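Me: Please take a close look at one part of this model: any enclosed space, what lines it, and how the lining connects to the rest of the fold. A single connected account is fine.

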Amino acid sequence: MQDTKYLEIIKAPVITEKSQIAKEAGQYTFKVDPRANKTEIKAAIEKIFDVKVTSIKTINEKPKKRRVGRYTGMTNRSKKAIVTLKEGQTIDLG
């Protein structure tokens, strides 16, 4: 039951050119629940991937204006977490 809680915190990995370059330095980027704090994110990453996390940086992404036809609205707000792992540990996202 605890594992489902952790899976709700970590939404998906972010796969971009910048995140792939950072992966070589031991940093991984994930989309996370906007309500999650750093300690919850750390516990979820360590439990799901069985690794040791040394630091976490979080980024709140603001919603952007989008338009579909004559209707305007905003995208959902989201949060990213850049996770640095202990030396020599990796996460297989492929």
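Reply:
**The cavity and what surrounds it**

Helix 2 (17–23) and strand 2 each supply at least two residues of the lining of the largest cavity. The model is a predicted one. It holds one cavity of 30 Å³ or more, and the volume of the largest cavity is about 40 Å³. The lining consists of Val14, Ile15, Ser19, Gln20, Lys23, Gln27, Tyr28, Thr29 and Leu93. Sorted by class, four of these lining residues are nonpolar, four are polar and one is charged.

An open space can be described alongside the cavity. The largest pocket encloses about 160 Å³. Val14, Thr16, Lys18, Ser19, Ala22, Gln27, Thr29, Ile59, Lys80 and Ile82 form its lining. Helix 2, strand 2 and strand 6 each give two or more residues to that lining, and helix 2 has the largest share, with three residues. The class count for the pocket is four nonpolar, four polar and two charged residues. Val14, Ser19, Gln27 and Thr29 are among the residues that line the largest cavity, and they are also listed among the lining of the largest pocket.

Threonine 29 links these two descriptions. Is it buried or exposed? Its relative accessibility is 11%, which is under the 20% limit, so threonine 29 counts as buried. The residue is part of strand 2. Apart from residues up to four places away in sequence, threonine 29 touches Pro13, Val14, Ser19, Lys80, Ala81 and Ile82. Val14 and Ser19 from that set line the cavity, while Lys80 and Ile82 line the pocket.

The contacts to Lys80, Ala81 and Ile82 lead to strand 6 (78–85). Strand 2 and strand 6 run antiparallel and are joined by six bridges. Within this pairing, lysine 31 has lysine 80 as its bridge partner in strand 6. Strand 6 also pairs with strand 3, again in the antiparallel sense, over eight bridges; there, asparagine 60 stands opposite lysine 79. Why is strand 6 described as largely enclosed by the rest of the structure? Six of its eight residues are buried, and the description follows from that count.

Strands 2, 3 and 6 also take part in the nonpolar core. The largest nonpolar core has 17 residues, and those with the most contacts inside it are Ile10, Phe30, Ile41, Ile45, Val83, Leu85 and Ile91. Two or more core residues come from each of helix 1 (2–9), strand 2 (27–32), helix 3 (38–49), strand 3 (53–61) and strand 6 (78–85). As a general point, nonpolar side chains in soluble globular proteins tend to be buried together. Isoleucine 91 shows some of the connections: beyond its neighbours within four places in sequence, isoleucine 91 is in contact with Tyr28, Phe30, Ile45, Phe49, Val51 and Leu85. Tyr28, one of those contacts, is part of the cavity lining.

Helix 3 can be followed through isoleucine 48, which lies in that helix. At 32% relative accessibility, isoleucine 48 is classed as partly exposed. Setting aside neighbours within four places in sequence, isoleucine 48 is in contact with Tyr6, Leu7 and Ile10. The C-alpha atom of isoleucine 48 is 7.6 Å from that of aspartate 3, although the two are 45 residues apart along the chain.

Aspartate 50 sits in the loop between helix 3 and strand 3. It has a positive phi of about 55 degrees although it is not a glycine. For comparison, most residues other than glycine have a negative phi. Aspartate 50 is exposed, with a relative accessible area of 68%.

Strand 4 (residues 65–68) and strand 5 (residues 71–74) form an antiparallel pair over four bridges. Arginine 67 faces threonine 72 of strand 5. Two residues lie between the strands of this hairpin, where glycine 69 takes a positive phi near 65 degrees.

For the overall setting, the protein chain has three helices and six strands, in the order α-β-α-β-α-β-β-β-β along the sequence. Its C-alpha atoms fill a box of roughly 50 × 35 × 20 Å along the principal axes. Of the 94 residues in the chain, 28% are buried. Among contacts with a separation of 6 or more, 59% are between residues 24 or more positions apart.

Terms used. Residues are numbered from 1 along each chain as its sequence is written. This is a predicted model: local features need pLDDT of at least 70, side-chain atom pairs count only at pLDDT 80 or more; totals for chains, interfaces and linings use all residues. Side-chain values use heavy atoms; hydrogens and water are left out. A nonpolar core is a set of buried Ala, Val, Leu, Ile, Met, Phe, Trp, Tyr and Cys residues joined through side-chain atoms within 4.5 Å. Buried means under 20% relative accessible area, exposed over 50%, partly exposed in between (1.4 Å probe, protein chains only). Contact means heavy atoms within 4.5 Å. Two strands pair if DSSP finds at least two bridges between them. On a 1 Å grid over the protein atoms alone, a cavity is a set of points where a 1.4 Å probe fits but cannot get out, and a pocket is an open set with protein on both sides within 12 Å along at least five of seven lines; lining residues have an atom within 4 Å of a point. Grid points are joined across faces, edges and corners, and a volume is the space filled by probe spheres set on the points. Ala, Val, Leu, Ile, Met, Phe, Trp, Tyr, Cys and Pro count as nonpolar, Asp, Glu, Lys and Arg as charged, and the others, Gly among them, as polar.
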